[in-house]
Amino acid sequence: MKPFVNEPILELRRAPVRAQLRGALEAFDAEPVIQVPVWIGEDTRGGGALISVDPGEPERVVAESAIASEADIDHALDLAARSEWRRTPATARAEVLVRAAAWLRERRLEIAALEVRETAKPWREADADVCEAIDFLEYYARGAVELAERPGELIQLPGERNELRWAPRGVVAVVSPWNFPVAIPLGMVSAALATGNAVALKPAEQAPACAYMLVRALRESGLPASALALLPGEGPVGAALVADPRVHTIAFTGSGPVGLEIVRRAAEVAPGQRHLKRVVAEMGGKNCVIVDSDADLDDVVPALVKSAFNYAGQKCSAAARVLAHEAIHDGLVERLAGAIEVLHVGQASDPEIDLGPVIEREAQERVARYTATAEASGTIAARAGSVPEHGYFATPVLATDLPEDSPVLGEEIFGPLLAVERVKSVEEACDRIDASPFGLTGGLFSRSPRTVEYVADRSPVGNLYVNREITGAMVGRQPFGGNRLSGTGTKAGGPGYLLQFVEPRVVTENTVRHGLVV
Ligand SMILES: NC(=O)c1ccc[n+]([C@@H]2O[C@H](COP(=O)([O-])OP(=O)(O)OC[C@H]3O[C@@H](n4cnc5c(N)ncnc54)[C@H](O)[C@@H]3O)[C@@H](O)[C@H]2O)c1
């Protein structure tokens, strides 16, 4: 296989590319509503118990999905536990993944159009999500072959042979969120499959059609039917998978409370269970950016606006708090306010917008609640000027002068609300960040190498970005994942990630000849 390279994103500034996207969306809209089945082995079961809609225009039904029942879960895990996928050599497994990457590449516009409709991802981000999904397939395919061919060097003495092998752990339950609706589930699924595990996927209830696409990509690329089941549904489907003794590994990405519940449930050993479950959990954050007194505000303002408001603040890596040195605080707030007031909020399908709607009514209400709290206890320094009334739109807001114990500063809002705090020094900013239970992403703007080193040393986050926006981690370049209550410290798209899905076995053989048995 050729060395891994990231999939190039589309050049949306070019008119012909935008025309292609428009064409893809028209073609998508002309198709009937997508029917997402429960898909186990060769069996599919339809039904429209779960309705997924366009957040920008909630009357538009994008998909109708079946919901996996207890019997479906039982059937899926029974088949997965008996799957022969683990016996397929690593190179053959990798070939399936690479073919699935090609499948996605061929349909990238169609899939991006689906993301625009089902999750209101603006084009740029929808395209980036498809590219990241392709990257995960290509990256983990190579990583698994490497692990099989070069499992690790052990010390060898005369008369003894020591061998390290990595065996698949067993059935993996993947439970995923909606905000990277193809890349995140496919990342977890492909890591599990690349290392020889069968998978039961429980995708987010808000994006079942995106999950259906990725299962099709793998199944239509030669993945045996027993190796991957699609179990759409809401939280209880995920909870049933987590509790089942046939599951060995749970790969979860989502909110903190659900992650903690999964960690707790997975620690219980059911009667007859002969293994400990491993949980790979990537959870929420409250991401802080420090702006020092020497920072160049011409760089800072656009980077902050992008980090906080792209995809309406619904990236786990999005900026939520800015800790600004008192020397530049007022100037920064004034310039941020100017930038936020003119943000263009509109439908995700419009290539001109800065941000679209949030995912659902509940999210819209949550942002409004935190905005009201910020207004009551601090100052709303800016609001975006015009926001559509119809659809699940939330108004982008800049909040300042909040008390240190405000929930607006302490809790993940997951929407377009950015708070700025005044600090006397970078040390004070680091102290405040250190007091937070989260550790996902962070940022620093400074011209001093000493400050950069100081903050890098003190920062607890999994991904720290210096003098740039804090979103947009790339597979293989910025392995991604949080520390503290933001995650179990594993890094998606990084060299160690696959080790979560395998168990080490060491075989030691006495090689001193004792004669042949005939
Ligand atoms: N750290 C990361 O890499 C990362 C990436 C993306 C999103 N996130 C986080 O995800 C959250 C947004 O996603 P969301 O709203 O889909 O999260 P969520 O926790 O509400 O849901 C995630 C998944 O868990 C399922 N689920 C719900 N209750 C469950 C239970 N009791 N047992 C098992 N499964 C259950 C849901 O149905 C869904 O499939 C944010 O907190 C965001 O920060 C983190």
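## Buried residues, two helices and a ligand site

At 6% relative accessibility, Arg321 counts as buried, because the cut-off for buried is under 20%. This is a predicted model. Arg321 sits in strand 13. Its side chain makes a polar contact with the side chain of Glu421, at 2.7 Å. Glu421 is also among the residues that Arg321 touches beyond four places in sequence. The others are Lys286, Asn287, Cys288, Val289, Leu409, Leu418, Ala419, Arg432 and Ser436.

Ser317 lies in the loop that runs between helix 10 (297–309) and strand 13 (319–325). Is Ser317 buried or exposed? Ser317 is buried, with a relative accessible area of 5%. Setting aside neighbours within four places in sequence, Ser317 is in contact with Asn287, Thr441, Ile470, Thr471 and Phe480. Phe480 is 163 residues from Ser317 in sequence. In space, the C-alpha atoms of Ser317 and Phe480 are 9.4 Å apart. Asn287 appears in the contacts of Ser317, and Asn287 is also touched by Arg321.

**The ligand site**

The ligand is surrounded by 28 residues. Ser176, Lys202, Glu205, Ser255 and Glu412 are the closest. The table gives three distances between ligand atoms and N or O atoms of the protein.

| Residue | Protein atom | Ligand atom | Distance |
|---|---|---|---|
| Trp178 | side-chain N or O | oxygen | 3.1 Å |
| Glu205 | side-chain N or O | oxygen | 2.7 Å |
| Ala239 | backbone N or O | nitrogen | 3.5 Å |

Glu205 is thus in the table and among the closest residues to the ligand.

**Helix 1**

Helix 1 covers residues 15–30, which is 16 residues. At 1.5 Å a residue, helix 1 should span 22 Å. Its end C-alpha atoms are 23 Å apart, which agrees. The buried residues of helix 1 are Val17, Leu21, Ala24, Leu25 and Phe28. Seen down the helix axis, these buried residues fall within an arc of 95°, so they line one face of helix 1. An α-helix has 3.6 residues a turn, so residues three or four places apart point the same way.

Which exposed residues does the face of helix 1 turned away from its buried side carry? That face carries Pro16, Glu26 and Ala30. The buried residues of helix 1 pack against strand 1 (34–36), strand 5 (57–65), helix 4 (108–119) and helix 5 (123–149).

**Helix 9**

Helix 9 takes in residues 256–266. Gly256, Gly259, Ile262 and Ala266 are buried there. Viewed down the axis of helix 9, its buried residues fall within an arc of 125°, so they line one face. On the face turned away from the buried side, Pro257 and Arg264 are exposed. The cover over the buried residues of helix 9 includes helix 8 (235–243), strand 10 (249–253) and strand 11 (278–282).

**Nonpolar cores**

In soluble globular proteins, nonpolar side chains tend to be buried together. Here, the largest nonpolar core has 134 residues. Within this core, Leu218, Val291 and Leu332 have the most contacts. Helix 5 gives the most to this core, with 13 residues. Leaving aside neighbours within four places in sequence, Leu218 is in contact with Val96, Leu97, Ala100, Leu137, Leu186, Val189, Leu193, Leu223 and Leu228.

A second, separate core has 26 residues, including Ala229, Leu241, Val247 and Ile262. Ile262 is also one of the buried residues of helix 9.

Terms used. Residues are numbered from 1 along each chain as its sequence is written. This is a predicted model: local features need pLDDT of at least 70, side-chain atom pairs count only at pLDDT 80 or more; totals for chains, interfaces and linings use all residues. Side-chain values use heavy atoms; hydrogens and water are left out. Helices (H or I, at least four residues) and strands (E, at least two) are DSSP runs, numbered from the N terminus. The expected span of a helix is 1.5 Å times one less than its number of residues. Buried means under 20% relative accessible area, exposed over 50%, partly exposed in between (1.4 Å probe, protein chains only). The arc is that of the directions from the helix axis to the C-beta atoms. Contact means heavy atoms within 4.5 Å. A nonpolar core is a set of buried Ala, Val, Leu, Ile, Met, Phe, Trp, Tyr and Cys residues joined through side-chain atoms within 4.5 Å. A residue is near a molecule or strand if one of its heavy atoms lies within 4 Å of it. A polar contact is a pair of N or O atoms within 3.5 Å; within protein, one must be able to donate a hydrogen and the other to accept it, and residues adjacent in sequence count only if both atoms are side-chain atoms.
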